[in-house]
Amino acid sequence: MQGISYQQGNWKSLVLKLAIILIVILLIMQQVIENMDKSEYASIDMQKLADSLSGKLKTLRYPSSEASCIYRVPQTRRCFHPIDYTPQIVSIGPLHHGNPELQAMEEHKLRYLHHFLQRTKVSMAHFLEFIKRKETELRNCYADTIDLESDEFITMILVDAVFLIEFFLRATCLPTFITDDDILFKKSPELSVLGLGMRCDIYLLENQLPLFILSELFALAKTTTHDDDIYEGISLKTLTRSWLSRDRNLLAIDTENLTGVHFYEAKHFLDLIILYFHSLQPAQSPARSEFPYRNIPGAKELDRAGVKFKSGSNKNLLDIKFDKGTLEIPIFSLFDSTERFYRNLLVFETMHDYPTKYFNDYVITMTYFLVTPKDADLLIQNEIIGLGDSEKLSTVFHSLIKDCVKGGHDFQYVGVARALQAYCKSPWHSWKTNLKQNYFNTPWASISVIAAVILLLLTVTQTICSIIAL
């Protein structure tokens with residue numbers, strides 16, 4: 001009996017062990033199956049992710065760096081002066097299209113489109129078809145991908161392009177183009193308060209349309225009109241010239257030369273202005289080195305050293321010259337919109353990677369001339385600055401220089417700066433100036449000095465004669 005009981009105990013122990021082993025095997029198999037399922041699911045998930053990414057690659061746009069000419073201002077610059085880069089009244093082009101703060105002008109754009117279409121026999125559908133054929137070229141002009149469907153993009157281009165054309169027609173041509181419903185003009189080509197505010201938006205980098213589409217749409221509209229003479233002698237080139245002539249307070253330029261030479265190669269309005277500036281500068285070959293422009297003397301320091309100041313041509317803002325002790329600076333005025341305009345020119349010249357940076361270097365040079373309000377006062381007295389507050393002048397340029405590229409390129413005013421530094425180091429110039437300012441600053445002071453010199457000479461002569469007589 002004890003043997004049987006012992007054997008039964010062994011069998012039970014063996015069965016228990018086998019059961020435990022079987023349970024362990026089942027658990028291991030279950031874990032393996034679960035891991036296989038997870039791996040399969042993970043593989044499926046990765047494939048979906050890969051398919052999604054491949055789809056994005058297929059629709060990816062590869063813009064040509066040569067075609068891109070309209071850029072979004074980098075956040076590193078925008079964050080300090082967001083208003084200077086953002087349209088306040090009207091959006092032109094896709095970068096600010098749909099901005100709810102600018103919707104008030106959208107209805108007025110449609111009024112302009114309505115009046116424009118009434119003068120031409122070309123249908124709206126024909127204009128839209130024309131833009132559709134240019135869509136890829138237009139999109140490539142923008143460095144950013146434009147997230148607008150084709151129909152919305154084409155419609156936006158037509159409405160905004162016609163708005164600009166119609167605005168220039170009303171601003172520069174016969175008053176008959178102005179209608180009673182126009183909120184941008186008074187009963188004449190004079191801009192209303194709203195129109196004056198909108199004028200600044202035209203020069204923003206992010207608010208540009210390619211010039212070629214404006215020119216070609218206007219040429220298309222002129223092919224057949226209800227009044228054969230209504231557009232006689234008018235083209236986008238003549239409209240641009242007239243508009244910039246009207247805006248010469250903002251920018252000292254020769255509009256005849258600007259539109260005559262560079263109009264058809266310019267990508268947009270800012271590019272047209274920069275090309276004009278660059279074309280007027282003499283070819284220079286300064287030493288490729290980091291020029292210490294921080295040593296450019298301020299206006300008052302130059303004045304103390306005997307430098308004379310002269311207002312230069314109003315046709316080339318950048319034409320700063322120094323010759324025979326006279327510093328010639330083109331006349332300019334400072335308006336509320338000047339800083340905003342200059343800032344957009346600066347950022348475009350930098351981003352478009354021109355081989356030279358004339359406007360950039362002009363701002364640097366003027367900043368060091370205008371160190372303090374007293375420097376600005378001196379330029380105002382010499383009629384170099386037409387309008388402007390001396391306190392604000394130095395502040396504006398010292399704000400603008402923060403957006404300038406300093407170093408890494410040939411400084412275009414290196415000759416002027418070195419000549420000024422050399423002139424200031426000569427003690428003769430400062431002695432002569434000090435004598436003139438302190439002893440010959442008025443007629444009576446001059447007479448007193450001359451009388452004193454004569455008296456001194458007579459005294460010396462008498463003394464010498466007395467010595468000789470002894």
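The following exercises, each with a worked solution, concern a predicted model of one protein chain.

**Exercise 1. The chain as a whole**

State how many helices and strands the chain has, and what percentage of its residues count as buried.

*Solution.* Begin with the secondary structure, which comes to 20 helices and three strands. Next, consider burial: 45% of the 470 residues count as buried. Finally, turn to the contacts with a separation of 6 or more: 72% of them are accounted for by residues 24 or more positions apart.

**Exercise 2. The length and surroundings of helix H15**

Determine what span is expected for helix H15 (residues 358-369), and where its residues lie, buried or exposed.

*Solution.* Step one: H15 has twelve residues. Step two: the expected span is 1.5 Å times one less than the number of residues, which gives 16 Å for H15. Step three: the end C-alpha atoms of H15 are 17 Å apart, which agrees with the expected span. Step four: twelve of the twelve residues are buried, so H15 is largely enclosed by the rest of the structure. Among these buried residues are Tyr 358, Asn 360, Asp 361, Met 366 and Phe 369.

**Exercise 3. The packing of H14 and H17**

Classify the arrangement of helices H14 and H17, and describe which residues meet.

*Solution.* Step one: H14 (residues 338-351) and H17 (residues 390-400) pack at an angle of about 20 degrees, and their axes are 11 Å apart. Step two: angles under 35 degrees count as roughly parallel; H14 and H17 are therefore roughly parallel to each other. Step three: the crossing of the two helices is right-handed. Step four: H14 contributes Glu 339, Tyr 342, Arg 343 and Leu 346, which meet Val 396, Phe 397, Ser 399 and Leu 400 of H17. The residues of this contact comprise five nonpolar, one polar and two charged.

**Exercise 4. Two residues with positive phi**

Give the location of Lys 324 and of Glu 383, and decide whether each is buried or exposed.

*Solution.* Lys 324 lies in the loop between strand S2 (321-323) and strand S3 (326-330). Its phi is near 55 degrees, a positive value in a residue other than glycine. Exposed means over 50% relative accessible area; Lys 324, at 78%, is therefore exposed. Glu 383 lies in the loop between helix H16 (373-381) and H17. The phi of Glu 383 is near 60 degrees, again positive in a residue other than glycine. With a relative accessible area of 56%, Glu 383 is exposed.

Notes. Residues are numbered from 1 along each chain as its sequence is written. This is a predicted model: local features need pLDDT of at least 70, side-chain atom pairs count only at pLDDT 80 or more; totals for chains, interfaces and linings use all residues. Side-chain values use heavy atoms; hydrogens and water are left out. Axes are lines fitted to C-alpha atoms, for helices over the stretch in contact, and angles run from 0 to 180 degrees between N-to-C directions. Helices (H or I, at least four residues) and strands (E, at least two) are DSSP runs, numbered from the N terminus. Angles under 35 degrees count as roughly parallel, over 145 as roughly antiparallel, 65 to 115 as roughly perpendicular and the rest as oblique. A crossing is left-handed if the near helix is turned anticlockwise from the far one by less than a right angle, and right-handed if clockwise. Contact means heavy atoms within 4.5 Å. Ala, Val, Leu, Ile, Met, Phe, Trp, Tyr, Cys and Pro count as nonpolar, Asp, Glu, Lys and Arg as charged, and the others, Gly among them, as polar. Buried means under 20% relative accessible area, exposed over 50%, partly exposed in between (1.4 Å probe, protein chains only).
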